[in-house]
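Got your viewer open? Here's a walk through the model, one selection at a time.

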2 protein chains.
Amino acid sequence: MPKPKTLHASPEAVEHAFYEAMEHADLDAFMLLWSDDEEIVCIPPNGPRIVGHHAIREVWGNILSRGPIHARPSQIQVVQGPMVSVHSLIAQIIVNDDEGQTIVVNLNVTNIFIKGPQGWRLILHHASNAPQEEIGTDRRSGYSPPPNILH
Amino acid sequence: MPKPKTLHASPEAVEHAFYEAMEHADLDAFMLLWSDDEEIVCIPPNGPRIVGHHAIREVWGNILSRGPIHARPSQIQVVQGPMVSVHSLIAQIIVNDDEGQTIVVNLNVTNIFIKGPQGWRLILHHASNAPQEEIGTDRRSGYSPPPNILH
């Protein structure tokens, strides 16, 4: 039987539940956080854009089948309107490298939430690789793509 | 003398002007498209998150000093509210590789616009590398970062 949807009272509650669902590799809980809108968008790091419930469920079923994802949201910046909330944050993903060492990988994340009859829900999640030392206004950043993706 | 700000009647007009400013490497025009909010956020591909007018101007001054950026916005998806508009798109960046060949690099882009007294303006731009063949629901995507960023 499908789980009932929780009515989330704030974007922060949805975001917390989002990372909790990753922590528990709980695909059903993860999917319940999304808006019913068919145009929901999810962009994993280096991945193609994924649109709609069916495709997001398929891709995340695959991702979470590999096990839990340990993520620490940090440096959250919020632009809050009455019906929409935009969160920009650094997600620190704790992973094991090839040699079994635990390392932290920084991702830049944009999460967008909208408020509907069922409370706050996610409509867009965009995650991408960030420099390993997040230093805010580092001038190394540029619009030119790195050489490794050109060939 | 600083240019007067244009009152943009739609998010689409701001987005068009955004890519026009890149096309002309026009930093002043580029900066005028952003909201006055000090919490504006810009994330270039692989770059650190940049917050605020001063930092964005500094980084983009550096980027645009290298010359124009030729970008073709495509596959634009819009979630539109009365005061906020969320655009997800694939930006095709036309660049020359090391051998002088013209190639197209796909970026996943999230642009967020808000409506204020001065019309629609940008509050967040998040761009990241997308696969070179954008295929929507490709299952290759994953949350695990690629090995090249782990070391």
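Start by selecting Gln75 in chain A: Gln75(A) is partly exposed, because 15 other C-beta atoms lie within 10 Å of its own. For this label, 20 or more other C-beta atoms within 10 Å makes a residue buried, 12 or fewer makes it exposed, and anything in between is partly exposed, with C-beta atoms placed from the backbone. Gln75(A) sits in strand β3 of chain A, and its phi is near 50 degrees, a positive value in a residue other than glycine. Most residues other than glycine have a negative phi.

A word on what you're looking at: this is a predicted model, where local features need pLDDT of at least 70, side-chain atom pairs count only at pLDDT 80 or more, and totals for chains, interfaces and linings use all residues. Residues are numbered from 1 along each chain as its sequence is written, while chains are lettered from A and ligands numbered from 1 in the order in which they are written.

**Zoom out to chain A**

Colour chain A by secondary structure. You should find 3 helices and 6 strands, which run α-α-β-β-α-β-β-β-β from the N terminus on. Helices here are DSSP runs of H or I with at least four residues, strands are runs of E with at least two, and both are numbered from the N terminus. Of the chain's 151 residues, 39% count as buried. Now think about contacts, meaning pairs whose C-beta atoms, placed from the backbone, lie within 7 Å. Among contacts in chain A between residues at least 6 apart in sequence, 48% join residues at least 24 apart.

**Cross the sheet**

Next, show the strands of chain A. In what order do the 6 strands form the open sheet? The order is β2-β1-β6-β5-β4-β3, with mixed pairing. Two strands count as paired if DSSP finds at least two bridges between them. At the edges are β2 (50–51) and β3 (70–80) of chain A, each of which pairs on one side only.

Select β1, residues 41–43 of chain A. Its 2 bridges to β2(A) join strands that run antiparallel; look for Cys42(A), whose bridge partner in β2(A) is Ile50(A). Toward β6(A), β1(A) has 3 bridges, and this pair runs parallel. Here Ile43(A) has His126(A) as its bridge partner in β6(A).

Stay on β6(A). Is this strand mostly covered or mostly open? Mostly covered: 10 of its 11 residues are buried. β6(A) also pairs with β5(A) over 10 bridges in the antiparallel sense, and the two form a hairpin with 2 residues between them. To find one of the bridges, select Gly116(A) and its partner in β6(A), Gly119(A).

**Onto the helix**

Now pick α1(A). It has 13 residues and reaches 18 Å from its first C-alpha to its last, close to the 18 Å expected at 1.5 Å a residue; the expected span is 1.5 Å times one less than the number of residues. Which residues of α1(A) are buried? Show Pro11(A), Val14(A), Glu15(A), Phe18(A), Ala21(A) and Met22(A) as sticks. They share one side of α1(A), because they cover an arc of only 125 degrees around the axis, taken from the directions from the helix axis to the C-beta atoms. An α-helix has 3.6 residues a turn, so residues three or four places apart point the same way. What covers these buried residues includes α2 (27–31), β3, β4, β5 and β6 of chain A. Just after α1(A) comes Ala25(A), with a positive phi near 50 degrees.

**Hop to chain B**

Select α1(B), where Pro11(B), Val14(B), Glu15(B), Phe18(B), Ala21(B) and Met22(B) are buried. Their arc is only 120 degrees around the axis, which puts them on the same side of α1(B). Then go to Ala25(B), in the loop between α1 and α2 of chain B. Ala25(B) is partly exposed, with 16 other C-beta atoms within 10 Å, and its positive phi is near 50 degrees.

**Last stop: the core**

A nonpolar core is a set of buried Ala, Val, Leu, Ile, Met, Phe, Trp, Tyr and Cys residues joined through C-beta atoms within 7 Å. Of the 70 residues in the largest one, Leu33(A), Ile123(A), Leu33(B) and Ile123(B) touch the most other members. Centre on Ile123(B): not counting residues up to four places away in sequence, it touches Val79(A), Val86(A), Ser35(B), Asp37(B), Ile40(B), Ile112(B), Phe113(B) and Ile114(B).

How values were computed: Two residues are in contact if their C-beta atoms, placed from the backbone, lie within 7 Å.
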